[in-house]
Amino acid sequence: MAKFVAEKSFWDLFPDAALGIVVAQGMKPTDDVSEEDAAAIRLLLRDANEAADKHLTSNTISENEPVRVWRDAYRKFKTKKGARCSVENLLKRVLKGNPVGSITPMVDIYNTISLKYAVPVGGENIDAFAGNLRLGITEGGDAFRALGEDEDEPTLEGELCYRDDEGAVCRCWNWRDAQRTALTDDTANGFFIIECVDPSRVADTQAAIDEMAGLLERYLGATIAAKALVTAENPELDLTGE
(Lines give C-alpha, C1' and ligand atoms only; values in the text may rest on other atoms or scores of the structure.)
Protein backbone atom coordinates (compact mmCIF):
# COMPACT_ATOMS: atom_id res chain seq x y z
CA MET A 1 0.00 0.00 0.00
CA ALA A 2 1.30 3.44 -0.94
CA LYS A 3 -1.11 6.28 -0.22
CA PHE A 4 -4.17 7.60 1.53
CA VAL A 5 -6.20 9.84 -0.77
CA ALA A 6 -9.13 12.05 0.25
CA GLU A 7 -10.97 12.54 -3.03
CA LYS A 8 -12.49 15.69 -4.50
CA SER A 9 -15.99 14.44 -3.74
CA PHE A 10 -15.10 14.49 -0.05
CA TRP A 11 -13.71 18.02 -0.09
CA ASP A 12 -16.71 19.27 -2.06
CA LEU A 13 -18.82 18.33 0.96
CA PHE A 14 -16.33 19.18 3.72
CA PRO A 15 -13.85 21.80 2.47
CA ASP A 16 -12.74 22.75 5.99
CA ALA A 17 -12.29 19.22 7.31
CA ALA A 18 -9.02 17.86 8.68
CA LEU A 19 -8.04 14.20 8.84
CA GLY A 20 -5.38 13.29 11.37
CA ILE A 21 -3.46 10.15 10.42
CA VAL A 22 -1.02 7.98 12.36
CA VAL A 23 0.69 4.99 10.75
CA ALA A 24 2.19 2.67 13.35
CA GLN A 25 4.53 -0.15 12.35
CA GLY A 26 5.73 -3.12 14.40
CA MET A 27 3.10 -2.95 17.15
CA LYS A 28 3.31 -5.63 19.82
CA PRO A 29 0.58 -8.28 19.77
CA THR A 30 -1.75 -8.17 22.75
CA ASP A 31 -0.08 -11.17 24.41
CA ASP A 32 3.30 -9.40 24.41
CA VAL A 33 2.10 -6.29 26.25
CA SER A 34 3.21 -6.51 29.86
CA GLU A 35 0.56 -6.52 32.58
CA GLU A 36 2.12 -3.34 33.96
CA ASP A 37 1.67 -1.54 30.65
CA ALA A 38 -1.82 -2.96 30.11
CA ALA A 39 -2.79 -1.70 33.56
CA ALA A 40 -1.37 1.74 32.77
CA ILE A 41 -3.45 1.88 29.60
CA ARG A 42 -6.57 0.89 31.53
CA LEU A 43 -5.94 3.81 33.88
CA LEU A 44 -5.64 6.14 30.91
CA LEU A 45 -8.98 4.86 29.63
CA ARG A 46 -10.59 5.38 33.02
CA ASP A 47 -9.32 8.96 33.11
CA ALA A 48 -10.53 9.54 29.56
CA ASN A 49 -14.04 8.42 30.51
CA GLU A 50 -13.99 11.05 33.24
CA ALA A 51 -12.52 13.69 30.92
CA ALA A 52 -15.32 13.08 28.41
CA ASP A 53 -17.76 14.68 30.86
CA LYS A 54 -16.44 18.13 29.98
CA HIS A 55 -17.75 17.67 26.44
CA LEU A 56 -21.23 16.76 27.68
CA THR A 57 -23.14 19.89 28.62
CA SER A 58 -26.62 18.49 27.95
CA ASN A 59 -28.43 15.32 29.02
CA THR A 60 -29.76 15.08 25.45
CA ILE A 61 -26.97 13.45 23.46
CA SER A 62 -27.75 15.27 20.19
CA GLU A 63 -27.47 18.68 21.86
CA ASN A 64 -23.82 18.23 22.82
CA GLU A 65 -21.53 20.06 20.40
CA PRO A 66 -19.20 17.13 19.48
CA VAL A 67 -22.29 15.09 18.57
CA ARG A 68 -24.27 17.90 16.93
CA VAL A 69 -21.54 18.69 14.38
CA TRP A 70 -21.43 15.03 13.33
CA ARG A 71 -25.21 14.71 13.13
CA ASP A 72 -25.09 17.72 10.76
CA ALA A 73 -22.23 16.15 8.76
CA TYR A 74 -24.12 12.89 8.29
CA ARG A 75 -27.00 14.77 6.65
CA LYS A 76 -24.73 15.69 3.73
CA PHE A 77 -24.39 12.18 2.29
CA LYS A 78 -26.39 8.98 1.92
CA THR A 79 -26.32 6.78 5.02
CA LYS A 80 -27.80 3.59 6.32
CA LYS A 81 -30.79 4.21 8.55
CA GLY A 82 -29.59 4.78 12.10
CA ALA A 83 -25.94 5.26 11.18
CA ARG A 84 -24.10 7.52 13.62
CA CYS A 85 -20.56 8.78 14.06
CA SER A 86 -18.47 6.41 16.17
CA VAL A 87 -17.75 8.99 18.87
CA GLU A 88 -21.47 9.44 19.56
CA ASN A 89 -21.74 5.85 20.77
CA LEU A 90 -18.85 6.32 23.20
CA LEU A 91 -20.13 9.62 24.55
CA LYS A 92 -23.63 8.19 24.95
CA ARG A 93 -22.24 5.51 27.25
CA VAL A 94 -20.52 8.13 29.40
CA LEU A 95 -23.70 10.21 29.51
CA LYS A 96 -25.65 7.17 30.75
CA GLY A 97 -23.09 6.41 33.46
CA ASN A 98 -21.81 3.32 31.67
CA PRO A 99 -18.11 4.06 31.08
CA VAL A 100 -16.31 2.50 28.13
CA GLY A 101 -14.49 -0.56 29.44
CA SER A 102 -11.18 -2.16 28.59
CA ILE A 103 -10.99 -4.45 25.54
CA THR A 104 -7.36 -4.82 24.43
CA PRO A 105 -4.40 -2.44 24.83
CA MET A 106 -4.63 -1.28 21.21
CA VAL A 107 -8.38 -0.67 21.32
CA ASP A 108 -8.09 0.96 24.74
CA ILE A 109 -5.54 3.42 23.37
CA TYR A 110 -7.72 4.67 20.56
CA ASN A 111 -10.84 4.74 22.74
CA THR A 112 -8.84 6.80 25.24
CA ILE A 113 -8.05 9.37 22.56
CA SER A 114 -11.61 9.39 21.25
CA LEU A 115 -13.10 10.00 24.70
CA LYS A 116 -10.52 12.51 25.90
CA TYR A 117 -10.82 14.72 22.83
CA ALA A 118 -14.43 13.83 21.85
CA VAL A 119 -13.36 12.95 18.31
CA PRO A 120 -13.99 9.86 16.18
CA VAL A 121 -10.97 7.56 15.99
CA GLY A 122 -10.72 4.67 13.56
CA GLY A 123 -8.14 1.95 13.16
CA GLU A 124 -7.42 -0.52 10.37
CA ASN A 125 -4.89 -3.21 9.50
CA ILE A 126 -2.73 -1.70 6.76
CA ASP A 127 -1.50 -5.13 5.64
CA ALA A 128 -5.06 -6.05 4.68
CA PHE A 129 -5.54 -3.08 2.33
CA ALA A 130 -5.63 -3.68 -1.43
CA GLY A 131 -3.98 -0.73 -3.15
CA ASN A 132 -4.49 2.85 -2.01
CA LEU A 133 -7.04 3.76 0.65
CA ARG A 134 -9.50 6.39 -0.55
CA LEU A 135 -12.18 8.49 1.13
CA GLY A 136 -14.96 9.76 -1.09
CA ILE A 137 -18.51 9.46 -2.35
CA THR A 138 -19.13 6.09 -3.96
CA GLU A 139 -21.40 5.04 -6.81
CA GLY A 140 -22.55 2.17 -4.59
CA GLY A 141 -22.14 -1.56 -4.76
CA ASP A 142 -18.74 -1.73 -3.04
CA ALA A 143 -18.26 -5.10 -1.36
CA PHE A 144 -18.59 -4.91 2.42
CA ARG A 145 -19.07 -7.31 5.29
CA ALA A 146 -19.32 -5.59 8.63
CA LEU A 147 -17.34 -6.70 11.63
CA GLY A 148 -19.35 -9.36 13.45
CA GLU A 149 -21.79 -10.01 10.57
CA ASP A 150 -22.27 -13.11 8.40
CA GLU A 151 -23.64 -11.49 5.24
CA ASP A 152 -22.37 -8.92 2.76
CA GLU A 153 -24.01 -5.50 2.64
CA PRO A 154 -22.70 -3.39 -0.27
CA THR A 155 -22.45 0.38 -0.09
CA LEU A 156 -25.21 2.73 -1.24
CA GLU A 157 -25.04 5.16 -4.11
CA GLY A 158 -24.04 8.55 -2.73
CA GLU A 159 -22.54 7.11 0.45
CA LEU A 160 -19.29 8.51 1.85
CA CYS A 161 -16.90 5.73 2.75
CA TYR A 162 -13.32 4.57 2.96
CA ARG A 163 -12.56 2.00 0.27
CA ASP A 164 -9.70 0.27 -1.47
CA ASP A 165 -9.45 -1.87 -4.60
CA GLU A 166 -11.45 -4.72 -3.06
CA GLY A 167 -14.33 -2.80 -1.53
CA ALA A 168 -15.37 -0.67 1.41
CA VAL A 169 -13.14 -0.47 4.47
CA CYS A 170 -15.45 1.63 6.66
CA ARG A 171 -19.02 2.57 5.76
CA CYS A 172 -20.91 5.85 6.26
CA TRP A 173 -17.58 7.60 6.81
CA ASN A 174 -16.79 6.37 10.34
CA TRP A 175 -19.78 4.21 11.26
CA ARG A 176 -18.86 0.52 10.74
CA ASP A 177 -15.62 -1.29 9.92
CA ALA A 178 -15.20 -4.20 7.52
CA GLN A 179 -14.09 -7.60 8.78
CA ARG A 180 -11.48 -7.76 6.02
CA THR A 181 -9.38 -4.86 7.30
CA ALA A 182 -10.26 -4.78 10.98
CA LEU A 183 -7.56 -4.59 13.63
CA THR A 184 -6.89 -7.81 15.53
CA ASP A 185 -4.86 -8.71 18.60
CA ASP A 186 -1.97 -9.60 16.31
CA THR A 187 -2.06 -6.62 13.93
CA ALA A 188 1.49 -5.31 13.56
CA ASN A 189 0.95 -2.38 11.19
CA GLY A 190 -1.95 -0.07 11.86
CA PHE A 191 -3.59 2.88 10.14
CA PHE A 192 -5.29 5.20 12.63
CA ILE A 193 -7.39 8.19 11.64
CA ILE A 194 -9.04 11.01 13.57
CA GLU A 195 -11.66 13.02 11.68
CA CYS A 196 -12.51 16.66 12.28
CA VAL A 197 -15.37 18.60 10.65
CA ASP A 198 -15.26 21.58 13.03
CA PRO A 199 -12.58 24.09 11.90
CA SER A 200 -12.29 25.38 15.46
CA ARG A 201 -11.03 21.95 16.59
CA VAL A 202 -8.18 21.38 14.16
CA ALA A 203 -5.65 22.11 16.92
CA ASP A 204 -7.36 19.47 19.09
CA THR A 205 -7.05 17.02 16.23
CA GLN A 206 -3.32 17.69 15.96
CA ALA A 207 -2.95 17.22 19.72
CA ALA A 208 -4.91 13.98 19.51
CA ILE A 209 -2.72 12.42 16.82
CA ASP A 210 0.42 13.54 18.67
CA GLU A 211 -0.80 11.86 21.85
CA MET A 212 -1.95 8.74 20.07
CA ALA A 213 1.42 8.35 18.34
CA GLY A 214 3.15 8.71 21.70
CA LEU A 215 0.98 6.07 23.35
CA LEU A 216 1.48 3.60 20.49
CA GLU A 217 5.23 4.09 20.76
CA ARG A 218 5.33 3.91 24.55
CA TYR A 219 3.06 0.95 25.18
CA LEU A 220 2.98 -1.07 21.95
CA GLY A 221 6.58 -0.48 20.87
CA ALA A 222 5.46 0.97 17.55
CA THR A 223 7.55 2.89 15.07
CA ILE A 224 5.57 5.87 13.77
CA ALA A 225 6.04 5.78 10.00
CA ALA A 226 3.69 8.67 9.25
CA LYS A 227 1.82 11.30 11.23
CA ALA A 228 0.08 14.22 9.57
CA LEU A 229 -3.05 16.27 9.04
CA VAL A 230 -4.64 15.76 5.63
CA THR A 231 -6.49 18.86 4.41
CA ALA A 232 -7.96 20.17 1.16
CA GLU A 233 -4.59 21.78 0.43
CA ASN A 234 -2.75 18.50 1.08
CA PRO A 235 -5.26 15.72 0.27
CA GLU A 236 -2.82 12.79 0.00
CA LEU A 237 -0.39 11.11 2.35
CA ASP A 238 2.33 8.54 1.66
CA LEU A 239 1.80 5.72 4.14
CA THR A 240 4.89 3.67 3.43
CA GLY A 241 7.18 5.59 5.77
CA GLU A 242 9.79 5.81 3.04
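Arg163 has Ala168 of strand E6 as its bridge partner. That pair belongs to the link between strand E5 (residues 160-164) and strand E6 (residues 167-171), two antiparallel strands joined by three bridges. Keep in mind as you look around that this is a predicted model.

**The two sheets**

Zoom out from E5 and E6 and you get an open sheet of six strands, ordered E7-E6-E5-E4-E1-E10, with mixed pairing. Which strands stand at the edges? They are strand E7 (176-177) and strand E10 (236-238); each has a single partner strand, so one side of each is left without a neighbour in the sheet. As a bit of background, strands of a sheet pair through backbone hydrogen bonds, either parallel or antiparallel.

There's another open sheet to look at, with four strands in the order E3-E8-E2-E9 and antiparallel pairing. Here the edge places go to strand E3 (121-125) and strand E9 (223-230), each of which pairs on one side only. From one strand to the next, the twist averages 15°. Inside this sheet, strand E2 (residues 18-25) and strand E8 (residues 190-196) pair in the antiparallel sense over seven bridges. If you want a spot to check by eye, find Val22, which stands opposite Phe192 in E8.

**How the helices pack**

Now for the helices, with three packed pairs set side by side.

| Helix pair | Angle | Axis separation |
|---|---|---|
| H2 (residues 35-51) and H5 (residues 105-117) | about 25° | 8 Å |
| H4 (residues 86-95) and H5 | about 75° | 10 Å |
| H3 (residues 65-74) and H4 | about 150° | 10 Å |

Start with H2 and H5. Their angle of about 25° makes H2 roughly parallel to H5, and H2 passes H5 in a left-handed crossing. On the H2 side, the residues that meet H5 are Ala38, Ile41, Arg42, Leu44, Leu45, Ala48 and Asn49. H5 answers with Pro105, Asp108, Ile109, Asn111, Thr112, Leu115 and Lys116. Sorted by class, that contact has eight nonpolar, three polar and three charged residues.

H5 also packs against H4, at an angle of about 75°, and the two are therefore roughly perpendicular to each other. From H4 come Val87, Leu90 and Val94, and from H5 come Asn111, Ser114 and Leu115. The class split for H4 with H5 is four nonpolar, two polar and no charged. Asn111 and Leu115 of H5 are worth a second look: they turn up in the contact with H2 and again in the one with H4.

What about H3 and H4? With an angle of about 150° between them, H3 is roughly antiparallel to H4, and their crossing is left-handed. H3 brings Pro66, Val67, Trp70 and Arg71 to this contact, while H4 brings Val87, Glu88 and Leu91. By class, H3 with H4 gives five nonpolar, no polar and two charged residues. Val87 of H4 is listed here and also in the contact with H5.

**Salt bridges**

How many salt bridges does a search of the whole structure find? The count is 22. One of them joins Lys3 to Glu236, with the closest N and O atoms 3.2 Å apart. This pair links distant parts of the chain, as Lys3 lies in strand E1 (residues 3-6) and Glu236 in strand E10, 233 residues apart. Those two strands also sit next to each other in the order of the six-stranded sheet.

Note on methods: Residues are numbered from 1 along each chain as its sequence is written. This is a predicted model: local features need pLDDT of at least 70, side-chain atom pairs count only at pLDDT 80 or more; totals for chains, interfaces and linings use all residues. Side-chain values use heavy atoms; hydrogens and water are left out. Axes are lines fitted to C-alpha atoms, for helices over the stretch in contact, and angles run from 0 to 180 degrees between N-to-C directions. Angles under 35 degrees count as roughly parallel, over 145 as roughly antiparallel, 65 to 115 as roughly perpendicular and the rest as oblique. A crossing is left-handed if the near helix is turned anticlockwise from the far one by less than a right angle, and right-handed if clockwise. Contact means heavy atoms within 4.5 Å. Ala, Val, Leu, Ile, Met, Phe, Trp, Tyr, Cys and Pro count as nonpolar, Asp, Glu, Lys and Arg as charged, and the others, Gly among them, as polar. Two strands pair if DSSP finds at least two bridges between them. A salt bridge is a side-chain nitrogen of Lys or Arg within 4 Å of a carboxyl oxygen of Asp or Glu.
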